[in-house]
Amino acid sequence: MKRTAVRTPLTAIASMVIASGCVTDQEFLAEHSGAALKFAEVQARIDLDCDRVTGTIVSERIAQRMRWVGREELAEYSIKVAGCGKNATYDIKCLSSSVCSK
């Protein structure tokens, strides 16, 4: 007996779900940049002992990390923060527009 897979409906549904959530790399990075800047500035206020700091994104890219359930995209930023005559550079990773870490 020849087995045939019933993929057409499932493939169509999966394609629609994936297509509905697609964004360009620039949109993805722009969506996360505000949280990354805020995170770096908060950290710099502590590290530089300065209340008035300003952050600037030096570089940005999309990276992938492997999870046990598959791959996960994250936004990575290099951010330079200056204030009170001091500066620091932070490498920030964001999983969502509100979850970032060093």
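What share of the contacts in the protein with a separation of 6 or more comes from residues 24 or more positions apart? That share is 47%, where a contact means heavy atoms within 4.5 Å.

**Figure 1. The whole predicted model, before we zoom in**. Residues are numbered from 1 along each chain as its sequence is written, and side-chain values use heavy atoms, with hydrogens and water left out. Since this is a predicted model, local features need pLDDT of at least 70 and side-chain atom pairs count only at pLDDT 80 or more, while totals for chains, interfaces and linings use all residues. The protein has two helices and four strands, and from the N terminus on they run α-α-β-β-β-β. (Helices are DSSP runs of H or I with at least four residues, strands are runs of E with at least two, and both are numbered from the N terminus.) Of its 102 residues, 27% count as buried; buried means under 20% relative accessible area, exposed over 50%, and partly exposed in between, with a 1.4 Å probe and protein chains only.

**Figure 2. A look into the largest nonpolar core**. A nonpolar core is a set of buried Ala, Val, Leu, Ile, Met, Phe, Trp, Tyr and Cys residues joined through side-chain atoms within 4.5 Å. This one holds 18 residues, and Tyr77, Ile79, Val81, Tyr90 and Ile92 touch the most other members. Helix 2, strand 2 and strand 3 (86-94) each chip in at least two residues, with helix 2 giving the largest share, six. Zoom in on Ile79: setting aside neighbours within four places in sequence, its contacts include Ala36, Leu37, Ala40, Val58, Tyr90 and Ile92.

**Figure 3. Ser78, a residue of strand 2**. Strand 2 covers residues 70-83, and Ser78 sits within that stretch. Ser78 counts as buried because its relative accessible area is 14%. Not counting neighbours within four places in sequence, Ser78 is in contact with Thr56, Ile57, Val58, Ser59, Thr89, Tyr90 and Asp91.

**Figure 4. Asp47 and its partner Tyr90**. Asp47 belongs to helix 2, which spans residues 25-47. With a relative accessible area of 43%, Asp47 is partly exposed. Its side chain makes a polar contact with the side chain of Tyr90, at 2.7 Å. (A polar contact is a pair of N or O atoms within 3.5 Å; within protein, one must be able to donate a hydrogen and the other to accept it, and residues adjacent in sequence count only if both atoms are side-chain atoms.) Look for Ala88 too: it lies 41 residues from Asp47 along the chain, yet their C-alpha atoms are separated by 8.3 Å.
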